[in-house]
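Open the model in a viewer and keep the selection panel at hand. The tour goes from the inside to the charged pairs and then to the surface.

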Amino acid sequence: MRLVVHQLRFEFKRFWRDPQSVFFTVALPIVFLVIFAGIFGNDTLESRGDLKVSTYYVPGIVALGVMSAGFVGLAISIVEQRERGILKRLRSTPLPPRAYIAGRAGTAAALSLLVTAALVLVGRLAYGVRVPGAALPGLLVTLVLGTACFASLGFALSGVIRSANAAPAVTNGITLPLQMISGIFFPIDQLPAGLLGIAKVFPVYHLAQGLLDGFDPAGPAGGFGWGHLAVLAAWTVAGLALASRTFRWEPRTS
């Protein structure tokens, strides 16, 4: 546990010393929220009863932030460290592999919580977004499970990507189309049924809509969208299984 805490502190310091990572992980979701709230205003969504537009976009952008911290950033940084030989050198030190993995996953979880807190604060102060107190348990469970899901998938994908130069293109090439069809940038009632059916297969949709259940006063009891949680749990298990087979410590040969 001492080594895990040490690795977590190291990874957190390394993240904050990289301005580009800080901007794209922490600041960019806030920028997206301001842009979308500015474009679409703060009217009521007819398809969601009394739900305001800003309230709809806060959980969606939170999902985007979770994916940025737990999938995109994690996969890119792991590939970069692997191809530079850093992971290979780590394997020759007394640091247990599980401590390194726990430190990276813990950093992703901490950043997800930070992004969520920042977006909720901005939403509350700038747009009057409120989180129903009764829905907090479901919201937190969805957030934790979503972070675990995308972190496991980030570890799994890192073993498939062959070079550090390809990592940003591969990760963003996967996430951006899914975000477009999963109700993050547009309400799901505006999406074609075919695209929505594809989105429901992947965890992006279920994280965004599961978080929305926690913000919607008319959402399920306790904020628990059990169907969304079940899909996230299934993808988490699949991600862990894939990561155990694909994760690599040594640079890939071209």
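Each stop below names a selection and says what is there; note that the model is predicted.

**Stop 1: the largest core.** Select V62, F150, I184, L207 and L211, the residues with the most contacts inside the largest nonpolar core, which has 47 residues. Helices 2, 3, 5, 6, 7, 8 and 9 each supply at least two residues of this core. Color helix 3 (53-83): the largest share, 14 residues, comes from helix 3. Apart from this core lies another one of 12 residues, and L74, I78, A99 and F155 are among them.

**Stop 2: helix 9.** Now select residues 203-215, which form helix 9. How many of the residues of helix 9 are buried? The count is 13 of 13, so helix 9 is mostly covered, with buried meaning under 20% relative accessible area. The end C-alpha atoms of helix 9 are 19 Å apart, which agrees with the 18 Å that its 13 residues should span at 1.5 Å a residue. Within helix 9, center on L211. Leaving aside neighbours within four places in sequence, L211 is in contact with P59, V62, A63, L139, T142 and L143.

**Stop 3: the salt bridges.** The structure holds four salt bridges. Start with E11 and R104, whose closest N and O atoms are 3.4 Å apart. This pair links distant parts of the chain, as E11 is in helix 1 (residues 2-16) and R104 is in helix 5, 93 residues apart. Are the two partners buried or exposed? E11 counts as buried because its relative accessibility is 2%, and R104 is buried at 6%. Add R14 to the selection: E11, R14 and R104 are linked in a network of salt bridges.

Next, select R82 and E83, a salt bridge with its closest N and O atoms 2.7 Å apart. R82 is buried, with a relative accessible area of 0%, whereas E83 counts as partly exposed at 25%. Then move to R84 and E80, where the closest N and O atoms of the salt bridge are 3.7 Å apart. Here R84 is exposed, with a relative accessible area of 55%, and E80 is partly exposed, at 36%.

**Stop 4: the nonpolar patch.** Finally, turn on the surface and select F23, F24, V31, I35, I39, F40, M180 and F186, which make a nonpolar surface patch of about 710 Å². Which helix gives the most to the nonpolar patch? Helix 2 (residues 19-40) does, with six residues. One residue to center on is V31, in helix 2, which counts as partly exposed at 35% relative accessibility.

Technical notes: Residues numbered from 1 in each chain as written. Predicted model: local features only at pLDDT ≥ 70, side-chain atom pairs only at ≥ 80, totals over all residues. Heavy atoms only, no water. Patch = residues over 30% accessible without salt bridge, like charges linked within 9 Å, V, L, I, M, F, W, Y side chains within 5 Å. Areas by Shrake-Rupley, 256 points an atom, 1.4 Å probe, with all protein chains shown as cover. Salt bridge = Lys/Arg side-chain N within 4 Å of Asp/Glu carboxyl O. Helix = DSSP H or I, 4+ residues; strand = E, 2+ residues; numbered from the N terminus. Buried < 20%, exposed > 50% of the residue type's maximum accessible area, 1.4 Å probe, protein only. Core = buried A, V, L, I, M, F, W, Y, C linked by side-chain atoms within 4.5 Å. Contact = heavy atoms within 4.5 Å. Expected span 1.5 Å × (residues − 1).
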